[in-house]
Amino acid sequence: MNRSEEISFKLERMRQALQDTQAAGIWLRGIDWFAWATAGGSNMVLLAAETGVAEVLVTATDAWILTNEIEAQRLKDEELPDEGSPYKLFVHPWADSSKQETFVREATGDGKVLTDRPTSNESALPPSLIQQKRIMLPSELDRYREVGRLASEAMTEVMLKAQPDWTEYQLAGAGAEALWARGLHPALTLVAGDRRLPIYRHPLPTQEPIGRQAMLVFCARGYGLYANLTRFVCFGSLSSDEANLHHSVGQVEAALLNACKVGTPLSQVYEAIAQAYDKQGYPNAIREHHQGGTTGYLSREAIANPTASDVLAANTVMAWNPSLPGAKIEDTFVLLEDGRLENLTVDPNWQTAEIEGRLRPLPLER
């Protein structure tokens, strides 16, 4: 389906939610929900923001993009479908945002409003609509494959040219540049060089030289969709202890990927991860870092934990990141309807090893 058809399909789902909840309107404020509702559009200006410069309002009969006079023309030209968009524009003066709130009240007849960020006068979105956002349509998967391919190519490009005298800042900057050059937002670029690698799981880059080895982590966003991946470079050969750590992390990942079946609760996958760490001789590792979960229009839609009730559905996208001090593995997978896992962030130019029938990335030894 094209973008306008995808938007129309999603409007049907939103109007079904209105009917089910007897609400008068759905008001979507977040960057994630705007991208979902517009089939890949962006309301973002500030990269780190959770809400943007435009919002979506849907009633039983109409659908609008709400924005101010600064943003309206660019949104119309660059973020909405060229033809056949079901959305109308409501444009208010940038200095008077109260006109937007007045419009929402009038359009909904002061009735019940569902929103992703409810205030005291609003209600949360129903779980059925949240689940709909997390299950990718074929057209969304097509966009996701493009984002994953571009993100993995950017990663390979940067790690092939990295040098041991680069600072962590330089490596992160090169990663961000490679993503921007491909039209992707560098929502996250983590870097740890040789000294910091065994110490920190979420290493924000510093001015230290990376030294003998480094880890680079991407959360790359395109069309509102997140491609998450981690790679390592080593200038020389890994020590036997380092190689064993990466081997153990690969075995943990294999066990958790084997547990990812349609209908499986995230809590059950979490338990499989805990058992795999224990089998590898690291029973406390499950407590030292979150292990990932589902992804999509957020870098993590739901994180696996012992009580997570979310259930894996067909066409759910996942990003798992099992780790040990100094080793980690991460790619973005979609669980297809036939039960197969498709790696969305694989680059055939990166060195891999087969682990339980899957090609998984190795540290790049240079």
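Let's start in the middle of a sheet, where Thr189 stands opposite Phe218 in strand 8. The model you are looking at is predicted, and this pair of residues is a handy place to enter it. Strand 7, at residues 185–192, runs antiparallel to strand 8, and 7 bridges join the two. On to the next neighbour: strand 8 is also joined to strand 9 (residues 225–234), again in the antiparallel sense, by 10 bridges. One place to see this second pairing is Met215, whose bridge partner in strand 9 is Phe232. Strand 8 and strand 9 form a hairpin with 2 residues between the strands, and there Tyr223 takes a positive phi near 55°.

How many of the 10 residues of strand 8 are buried? The count is 10 of 10, so strand 8 is mostly covered, given that buried means under 20% relative accessible area. The cover extends to both faces. On one side Gln213, Met215, Val217, Cys219 and Arg221 are buried, and on the other Ala214, Leu216, Phe218, Ala220 and Gly222 are buried too.

From here we can move to the empty space. Rolling a probe the size of a water molecule over the atoms shows where empty space is left. The largest pocket has a volume of about 520 Å³. Its lining counts 26 residues, and those nearest the centre are Ala187, Leu188, Cys219, Tyr226 and Ser299. Cys219 is a residue we have just met, among the buried residues of strand 8. Which element gives the most to this lining? That is strand 7, with 4 residues. Helix 2 (31–37), strand 7 and strand 8 (213–222) each supply at least two residues. By class, the lining of the largest pocket divides into 13 nonpolar, 5 polar and 8 charged residues.

Enclosed space comes next, with 2 cavities of 30 Å³ or more. The largest cavity holds about 60 Å³ of space. Met215 and Phe232, the bridge partners from strand 8 and strand 9, both belong to the lining of this largest cavity, along with Leu197, Tyr200, Arg201, Ser323, Leu324, Gly326, Ala327 and Lys328. Strand 13 (323–324) and strand 14 (327–328) each supply at least two of the lining residues. The classes here are 6 nonpolar, 2 polar and 2 charged.

The second largest cavity has about 40 Å³ of space. Around it you will find Arg231, Asp331, Asn343, Val346, Asp347, Trp350, Thr352, Leu359, Arg360 and Pro361. Strand 18 (residues 358–361) contributes the largest share of that lining, 3 residues. By class, the lining of the second largest cavity has 4 nonpolar, 2 polar and 4 charged residues.

Now let's go back towards the start of the chain, to strand 1. All 6 of the 6 residues of strand 1 (residues 25–30) are buried. Strand 1 has a parallel partner in strand 5 (residues 113–115), with 3 bridges between them, and an antiparallel partner in strand 2 (residues 51–58), with 4 bridges. Ile26 takes part in both pairings: its bridge partner in strand 5 is Leu114, while in strand 2 Ile26 stands opposite Val58.

Our last stop is the aromatic rings. A pair of aromatic rings is described by the distance of the centres and the angle of the planes. The structure holds 3 aromatic pairs. One of them is Trp64 with Phe103, an edge-to-face pair at 5.1 Å centre to centre and 90° between the planes. This pair links distant parts of the chain, since Trp64 lies in strand 3 (residues 63–68) and Phe103 in helix 4 (residues 98–107), 39 residues apart. Phe103 also pairs with Phe90, this time stacked, with 4.0 Å centre to centre and 15° between the planes. Phe90 sits in strand 4 (residues 88–92) and Phe103 in helix 4, so this pair ties together parts that are 13 residues apart in sequence.

Are these three rings buried or exposed? Trp64 is buried at 11% relative accessible area, Phe103 is buried at 16%, and Phe90 counts as buried at 17%. Together, Trp64, Phe90 and Phe103 form one aromatic cluster.

Two other rings have a charge for company. Arg13 lies over the face of Phe9, at 4.7 Å from the ring centre. The charged end of Lys133 sits over the ring of Trp33, 4.9 Å from its centre.

Note on methods
Residues are numbered from 1 along each chain as its sequence is written. This is a predicted model: local features need pLDDT of at least 70, side-chain atom pairs count only at pLDDT 80 or more; totals for chains, interfaces and linings use all residues. Side-chain values use heavy atoms; hydrogens and water are left out. On a 1 Å grid over the protein atoms alone, a cavity is a set of points where a 1.4 Å probe fits but cannot get out, and a pocket is an open set with protein on both sides within 12 Å along at least five of seven lines; lining residues have an atom within 4 Å of a point. Grid points are joined across faces, edges and corners, and a volume is the space filled by probe spheres set on the points. Ala, Val, Leu, Ile, Met, Phe, Trp, Tyr, Cys and Pro count as nonpolar, Asp, Glu, Lys and Arg as charged, and the others, Gly among them, as polar. Buried means under 20% relative accessible area, exposed over 50%, partly exposed in between (1.4 Å probe, protein chains only). Two strands pair if DSSP finds at least two bridges between them. Rings of Phe, Tyr and Trp (its six-membered ring) pair if their centres lie within 6.5 Å; planes under 30 degrees apart count as stacked, over 60 as edge-to-face and the rest as tilted. A charge sits over a ring if NZ of Lys or CZ of Arg is within 6 Å of the ring centre and within 35 degrees of the ring normal.
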